[in-house]
Amino acid sequence: MDFTFSDDQNSIRELAYQIFTDRASDEFLLAFSRTDDTYDETLWQTLAEQGLLGVAIPESAGGTGFGLIELCLVLEEQGRRVAPVPLYASLVLGGLPITEFGTEAQQQRYLPALAAGTAKFSAAIAELAMNPALATSVVAKRDGNDWSLTGHKAMVPDGAVADFILVPAADERGQQSVFIVDTSAPGVTVQAVEIGLSGSRAAHLSLENVKLGDDAVLGQPGQGADILEWLEQRANIGHCALQVGVTEEAMTRTAAFLSERKQFGVPLGTFQALAMRMADCYIDVEGIRSTYWLAVWRLSEGLDARAEVRVAKWWACDASHRVVSSTQHMHGGIGADVEYPIHRFFLMAKLISYSLGNAGQQLEQLGRLLANDDSLGFRALEV
């Protein structure tokens, strides 16, 4: 079995690495953190100009016609630099489902703008990981030939800058549909929410009698549950891709730090305790990588990947905590300095770990899958 990437995939990875490295340097990120800006529009436009925003968009809709694997390679490089662009929300939560379920008219309306960087997207799916008692909801009612949406959605990823948000809503029969909502439409209110020191901007979304036509329904009316299950798997995999970049770069930087910093006249890296901790970090990073790529491959091949996605996200949540905690700790006191680069990896890793379900919640979902389908148990053991 050939596990190597194709020439095109390697070229995409190298291009993404070059763009993120050139722009999102430590010096730039430090200066950027001292501004009131949340996202780097210059970097966003560079990604558009180089075709990376359209990497998973069909050529007929202005993209380059690749898929999930290539998109994950770009996300890894973003995570490696902790670059401040809403790539995950727009490309994974917005672009992928519109590409998969959108009509030809919807694809032609939305995807070229995404590929060109003139529109940003997100999806209101944070409640998928919430306690049902805390979940928010939107009600969709037929209003003549149109729809009327009313309700609330909490913590929409990068929703503060989204031009369009995919919103699941239930009708009077309890059937869910997914609507593409223009955030500038009458009745739509977007309240920005900053997530801690990470600086990311989520949003609370309120809809008050928002009028939409049938052309705003993604897929078919009543297909929302299937779309959400499809999207949740890819959303979790997008988090895993980011986490690989975050944890691997934190580990690499720490290895270099320990090789240079001396105590008692010798490099810290020669201390056995620290060397063993670095070895543990390496094992954890490879665990995240291997489980996530298995899940990506199964999704790309159209195979059932429900168990593999849960296993990969559990690794991305559980192992990442050990990696970023260890790497920050091994930097000593300077690791606690919010203006020293290593802290960004800690914050980004923790944000990912608590998005769409933490480690415990992923295990709970995996347990339910295994209890309901014996065949999944054998695959989970293989992972």
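Reader: Hi! Which residues do ring pairs link into a cluster with F5?

Author: Ring pairs link F5 with Y292 and W293. Rings here are those of Phe, Tyr and Trp (its six-membered ring), and they pair if their centres lie within 6.5 Å; planes under 30 degrees apart count as stacked, over 60 as edge-to-face and the rest as tilted. One thing to know early is that this is a predicted model, where local features need pLDDT of at least 70, side-chain atom pairs count only at pLDDT 80 or more, and totals for chains, interfaces and linings use all residues. Residues are numbered from 1 along each chain as its sequence is written, and side-chain values use heavy atoms, with hydrogens and water left out.

Reader: Thanks! How many aromatic pairs does that rule give?

Author: The count comes to nine aromatic pairs. In one of them, Y110 and F164 have ring centres 5.0 Å apart and planes at 75°, so the pair is edge-to-face.

Reader: And where do Y110 and F164 lie?

Author: Y110 is in helix 6 (residues 104-116) and F164 in strand 4 (residues 164-170), so the pair ties together parts that are 54 residues apart in sequence. Helices (H or I, at least four residues) and strands (E, at least two) are DSSP runs, numbered from the N terminus.

Reader: Are Y110 and F164 buried or exposed?

Author: Both Y110 and F164 are buried. Buried means under 20% relative accessible area, exposed over 50%, and partly exposed in between (1.4 Å probe, protein chains only).

Reader: Back to the cluster, then: why is the pair of Y292 and W293 tilted?

Author: The ring centres of Y292 and W293 are 4.7 Å apart and the planes stand at 40°, so the pair is tilted. Y292 is buried, and W293 is buried too.

Reader: Nice. What does Y292 touch, residues up to four places away in sequence not counted?

Author: Y292 touches C72, E76, I237, C240, A241, V244 and A312. Contact means heavy atoms within 4.5 Å.

Reader: Which residues touch the most other members in the largest nonpolar core?

Author: That core has 80 residues, and F20, L47, L87, L93, I237 and Y292 touch the most other members. Helix 7 gives the most to this core, with twelve residues. A nonpolar core is a set of buried Ala, Val, Leu, Ile, Met, Phe, Trp, Tyr and Cys residues joined through side-chain atoms within 4.5 Å. Another core lies apart from the largest one and has 20 residues, among them A140, I165, V210 and V217.

Reader: Helix 7 sounds worth a look. At what angle do the axes of helix 5 and helix 7 cross?

Author: The axes of helix 5 (residues 87-101) and helix 7 (residues 224-260) cross at roughly 145° and come within 10 Å. Axes are lines fitted to C-alpha atoms, for helices over the stretch in contact, and angles run from 0 to 180 degrees between N-to-C directions.

Reader: Which residues meet there?

Author: From helix 5 they are Y88, V92, L93, L96, P97, E100 and F101, and from helix 7 they are I227, W230, L231, R234, A235, G238, H239 and L242. The contact divides into eleven nonpolar, two polar and two charged residues. For that split, Ala, Val, Leu, Ile, Met, Phe, Trp, Tyr, Cys and Pro count as nonpolar, Asp, Glu, Lys and Arg as charged, and the others, Gly among them, as polar.

Reader: New topic, backbone angles. What is phi of M155?

Author: Phi of M155 is near 50°, a positive value in a residue other than glycine. M155 sits in strand 3 (residues 146-156), and at 28% relative accessibility M155 counts as partly exposed.

Reader: And what about the phi of N209?

Author: N209 has a positive phi of about 55°, although N209 is not a glycine. N209 belongs to strand 7 (residues 200-212) and counts as partly exposed at 38% relative accessibility.

Reader: One last spot: what is Q108 in contact with, leaving aside neighbours within four places in sequence?

Author: Q108 is in contact with S60 and A61. Q108 lies in helix 6 and is partly exposed at 36% relative accessibility. Q108 and G62 are 46 residues apart in sequence, and their C-alpha atoms are 8.4 Å apart in space.
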